[in-house]
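Biologist: Please take a close look at one part of this model, the sheet. Then show me how the rest of the chain is arranged around that topic.

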Amino acid sequence: MSLALGLLLAALSGLVMFPAAEHLRSLRDGERAQATLHTSGSCMAGQCEVEFEADGRTVVADLPVGSGGGKRSVGAAMAIRYQADDPRVVAREDDVGGGGAALLAWMSGGAAVFFLAIAGAAALHLAWQRRTRNR
């Protein structure tokens, strides 16, 4: 059980959260704009949308996985950063340091190491018990 949980947490960290944190960091130098929360939900899971003006047109874009601000209500103002060549790629300005995705990546990675260590210790203990019984 510990092995399965450790591998699952390692996969979450390495395949989902670290790339999400890197995506958020990639928007540090993006264009800055004021936006309003268009659709609220679980922003950490990527279920929030913002509305803002870019190049004279209104854009509605999804906040990426790992974004904060999920407790805000629809219509709340926030500063965002977006890619100049594709304004639909956006992140909250507060998250461009990695946001909650970076924290969750480190936490799930640490928990993965913990559970994998428990699984390894259990395997060594079982091997030692078998060895001492066969003597």
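Modeller: What follows starts with the chain as a whole, goes through the sheet strand by strand, and ends with the aromatic pairs.

This is a predicted model. The secondary structure of the protein chain comes to two helices and five strands. Read from the N terminus, the elements run α-β-β-β-β-β-α. Helix α1 covers residues 2-26, and helix α2 covers residues 99-133.

The overall dimensions come next. The C-alpha trace spans about 80 × 25 × 15 Å along its principal axes. The radius of gyration is 21 Å, whereas a compact globule of 135 residues would have one near 14 Å. Of the 135 residues, 32% count as buried. The chain exposes about 8,000 Å², and carbon and sulfur atoms supply 59% of that area. Contacts across the sequence matter for the picture too. Among contacts with a separation of 6 or more, 64% are between residues 24 or more positions apart.

Now the sheet. It is open and has five strands. Their order is β3-β2-β1-β4-β5, and the pairing is antiparallel. Which strands stand at the edges? They are β3 (57-62) and β5 (90-92). Each has a single partner strand, so one side of each is left without a neighbour in the sheet. From one strand to the next, the twist averages 40°.

Take β1 next, residues 31-39. In the strand order, β1 stands between β2 and β4. Four bridges join β1 to β2, which is made of residues 49-54. These two strands run antiparallel. One position to find on screen is A35, whose bridge partner in β2 is F52. Towards β4, six bridges join the strands, again in the antiparallel sense. Here Q34 stands opposite A79 of β4. So where do the neighbours A35 and Q34 lead? A35 pairs with F52 in β2, and Q34 faces A79 in β4.

Strand β4 holds residues 77-82. How enclosed is β4 by the rest of the structure? Five of its six residues are buried, so β4 is largely enclosed. Buried here means under 20% relative accessible area. β4 stands between β1 and β5 in the order. With β5 it pairs over three bridges, in the antiparallel sense. Y82 stands opposite V90 of β5. β5 is also one of the edge strands.

The aromatic rings complete the tour. A pair of rings is described by the distance of the centres and the angle of the planes. With centres required to lie within 6.5 Å, the count comes to three aromatic pairs. One of them is F18 with W106. Their centres are 5.4 Å apart and their planes stand at 85°, so the pair is edge-to-face. It links distant parts of the chain: F18 lies in helix α1, W106 lies in helix α2, and 88 residues separate them.

Are these two rings buried or exposed? F18 has 30% relative accessibility, so it counts as partly exposed. W106 has 60%, so it counts as exposed. F114 and F115 form another edge-to-face pair. Their centres are 5.3 Å apart, with 75° between the planes. F115 counts as partly exposed because its relative accessibility is 23%.

Technical notes
Residues are numbered from 1 along each chain as its sequence is written. This is a predicted model: local features need pLDDT of at least 70, side-chain atom pairs count only at pLDDT 80 or more; totals for chains, interfaces and linings use all residues. Side-chain values use heavy atoms; hydrogens and water are left out. Two strands pair if DSSP finds at least two bridges between them. Axes are lines fitted to C-alpha atoms, for helices over the stretch in contact, and angles run from 0 to 180 degrees between N-to-C directions. Rings of Phe, Tyr and Trp (its six-membered ring) pair if their centres lie within 6.5 Å; planes under 30 degrees apart count as stacked, over 60 as edge-to-face and the rest as tilted. Buried means under 20% relative accessible area, exposed over 50%, partly exposed in between (1.4 Å probe, protein chains only). The radius of gyration is taken over C-alpha atoms; the globule rule is 2.2 Å times the number of residues to the power 0.38. Contact means heavy atoms within 4.5 Å. Accessible areas come from the Shrake-Rupley method with a 1.4 Å probe; for residues, only the protein chains shown count as cover.
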